[in-house]
Number of protein chains: 2
Amino acid sequence: MVQRGAYSKGIAKREEILTAALEIVARNGYSRATVRELADAVGLSQTGLLHYFGTKEQLFTEILRRRDEVDQRFYGDFDAAGLPDMAGGLERLVRHNAEVPGLVQLFSRFSSEAAEPGHPAHEFFRERYETARAGIGAGVERLRQAGRLPSDVDTERVTVLMLAVMDGLQMQWMYDPAVDMADHVAYLWRLVAGEQGEG
Amino acid sequence: MVQRGAYSKGIAKREEILTAALEIVARNGYSRATVRELADAVGLSQTGLLHYFGTKEQLFTEILRRRDEVDQRFYGDFDAAGLPDMAGGLERLVRHNAEVPGLVQLFSRFSSEAAEPGHPAHEFFRERYETARAGIGAGVERLRQAGRLPSDVDTERVTVLMLAVMDGLQMQWMYDPAVDMADHVAYLWRLVAGEQGEG
DNA sequence: GTCTATATCGCGATAGAC
DNA sequence: GTCTATCGCGATATAGAC
């Protein structure tokens with residue numbers, strides 16, 4: 001089809017913009033990431049950029065979606081692997097996050113903005129939390145069945161706590177980079193595993 | 001002194017504005033809380049209102065400071081009481097928060113915005129986290145010494161986790177009000193106390 | 001289908017009158 | 001102490017060039 005050329009060029013440009021935007025946000029933080037600056041960085045006018053994404057919110061949603069895909073490939077393959085090593089996967093993910101402060105900031109700001117019902121990105125984050133709970137929940141259950149966690153753990157509550165800790169640690173870390181997020185995630189796993197209070 | 005009249009009138013007006021703003025934010029959420037709307041609500045022009053607080057950021061900082069003071073009086077007196085009931089105090093605080101969604105939203109949005117170094121409210125939140133960690137840390141230590149927690153708990157890590165969980169639960173709760181924040185805080189206390197994995 | 005230029009709107013901030 | 005007027009900026013809707 002002849003159309004495919006033009007179409008795939010649009011797709012390619014979109015991808016190029018997304019990749020560039022991800023880098024800029026990671027480097028410069030959120031508040032410097034105005035539509036104009038991102039447009040400049042990819043050699044487009046402000047409207048030229050929005051032509052591909054519609055609104056600023058949609059652009060940022062796509063940036064985060066893309067980031068999730070990448071992270072999933074790198075740190076989320078505890079699903080594919082035979083052994084239930086989700087604990088390690090989450091820890092590595094958190095450790096990686098500490099190296100991209102701009103993205104942590106973007107996530108934190110955008111997700112708190114979109115918490116308001118009716119916000120254009122509200123659905124994205126609502127689903128994201130749902131998906132995350134399902135994924136982590138399955139991982140916790142597998143760990144339990146593998147005997148790595150006490151048989152009486154409340155998998156659902158542990159899942160919610162684990163997600164909450166990851167979000168909450170980011171806040172404390174942004175205000176004090178000395179806070180070791182991965183270390184605290186690991187400690188929570190130890191608490192859940194019951195490796196304490198036996199002395 | 002004659003001056004006192006004028007001076008105290010300014011103070012009184014400030015207090016009046018703060019109280020009104022707190023209510024409006026609690027009711028309407030953050031994004032509707034523009035300086036203009038808040039000004040209208042107290043019968044002032046935009047500039048009239050900013051005359052008392054300087055900038056929007058300073059106004060919101062004062063709102064949150066005031067809220068902390070109120071909360072401290074109601075839920076933070078585990079310091080004054082003889083018995084170490086901080087666990088219950090935090091649980092009650094969290095339960096109360098679920099009744100003022102607008103304030104939770106304000107805190108979430110404003111604290112994530114101010115996470116960027118150089119933001120006018122950065123110092124406020126940095127100190128707030130520091131103070132919170134000191135306060136909760138002391139409470140955890142007292143619980144440990146009272147024998148309500150295992151002697152080998154890592155008080156510092158538990159403190160950071162507890163704060164993180166409270167922040168993180170708010171995010172999940174905003175996207176799904178069915179999430180019972182107080183319940184999950186209680187479960188974390190149980191994990192820390194080691195009341196699990198003995199069956 | 002891709003992109004620019006222009007216009008508009010809402011926001012916070014500032015200057016200066018009263 | 002409070003107002004009116006105005007500015008600058010970010011996001012975005014529209015028209016239209018290529």
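What share of the contacts in chain A with a separation of 6 or more comes from residues 24 or more positions apart? In this predicted model, such pairs account for 64% of those contacts. Chain A has 199 residues, of which 50% count as buried. Its secondary structure consists of nine helices and zero strands, so that the pattern read along the sequence is α-α-α-α-α-α-α-α-α. The C-alpha trace of chain A spans about 65 × 45 × 30 Å along its principal axes.

The next point is how chain A relates to chain B. In general, a rotation about an axis and a shift along that axis relate two copies of a chain. Here the rotation that superposes chain A on chain B is 180°, the shift along the axis is 0.0 Å, and the RMSD is 0.1 Å. The two copies are therefore related as by a two-fold rotation axis.

The contact between the chains can be described in the same terms. In chain A, 49 residues are in contact with 49 residues of chain B. Because 100% of the interface residues of chain A are also interface residues in chain B, the copies meet through the same surface. Between them, chain A and chain B bury about 4,200 Å², and 58% of this area is on carbon and sulfur atoms. Three residues, A:Arg157, A:Gln172 and A:Tyr175, supply 19% of the area that chain A buries against chain B, which is more than any other three residues.

Two of those three residues appear again in the surroundings of B:Tyr129, whose contacts include A:Gln172 and A:Tyr175. B:Tyr129 is located in helix H7 of chain B, residues 122-145. Leaving aside residues up to four places away in sequence, B:Tyr129 also touches A:Met171 from chain A, and B:Phe107, B:Leu163 and B:Asp167 from chain B. Is B:Tyr129 buried or exposed? Its relative accessibility is 2%, and B:Tyr129 therefore counts as buried, the cut-off being under 20%. The C-alpha atom of B:Tyr129 is separated by 9.6 Å from that of B:Val160, which is 31 residues apart from it along the chain.

B:Ser108 is a second residue of chain B that touches chain A. This serine lies in helix H6, residues 101-113, of chain B. B:Ser108 has a relative accessibility of 9% and so counts as buried. With residues up to four places away in sequence not counted, B:Ser108 touches A:Ser112 across the interface, and B:Met171 and B:Met174 in chain B.

The model also holds DNA, and both chains take part in the surface near each strand. Around DNA strand C there are 16 residues, and the closest are A:Ser45, A:Thr47, A:Tyr52, B:Thr47 and B:Lys56. Of the strand C atoms that come within 4 Å of the protein, sugar and phosphate account for 46%. Which atoms of the strand do the side chains approach? A polar side-chain atom of A:Ser45 lies 2.7 Å from a phosphate oxygen of DNA strand C. For B:Lys56, an N or O atom in the side chain is 2.9 Å from a phosphate oxygen of DNA strand C, whereas A:Thr47 places a polar side-chain atom 3.4 Å from a base nitrogen of DNA strand C. Two or more residues of this surface come from each of helix H1 (3-28) and H3 of chain A, and from each of helix H2 (35-41), H3 and helix H4 (56-75) of chain B. H3(A) gives the largest share, four residues. By class, the surface near DNA strand C has four nonpolar, nine polar and three charged residues.DNA strand D has 15 residues around it, and A:Gln46, A:Lys56, B:Ser45, B:Thr47 and B:Tyr52 come nearest. Sugar or phosphate holds 53% of the strand D atoms within 4 Å of the protein, and the rest belong to bases. A polar side-chain atom of A:Lys56 lies 2.6 Å from a phosphate oxygen of DNA strand D. Bases are approached by A:Gln46, with a polar side-chain atom 3.5 Å from a base nitrogen of DNA strand D, and by B:Thr47, with a polar side-chain atom 3.0 Å from a base oxygen of DNA strand D. H3(B) supplies the largest share of the surface near DNA strand D, four residues. The residues of this surface divide into four nonpolar, eight polar and three charged.

Note on methods:
Residues are numbered from 1 along each chain as its sequence is written. Chains are lettered from A and ligands numbered from 1 in the order in which they are written. This is a predicted model: local features need pLDDT of at least 70, side-chain atom pairs count only at pLDDT 80 or more; totals for chains, interfaces and linings use all residues. Side-chain values use heavy atoms; hydrogens and water are left out. Buried means under 20% relative accessible area, exposed over 50%, partly exposed in between (1.4 Å probe, protein chains only). Contact means heavy atoms within 4.5 Å. A residue is near a molecule or strand if one of its heavy atoms lies within 4 Å of it. A polar contact is a pair of N or O atoms within 3.5 Å; within protein, one must be able to donate a hydrogen and the other to accept it, and residues adjacent in sequence count only if both atoms are side-chain atoms. Ala, Val, Leu, Ile, Met, Phe, Trp, Tyr, Cys and Pro count as nonpolar, Asp, Glu, Lys and Arg as charged, and the others, Gly among them, as polar. Copies are superposed by least squares on the C-alpha atoms of residues with pLDDT of at least 70 in both. Buried area is the accessible area (1.4 Å probe) that two parts lose on being put together, summed over both.
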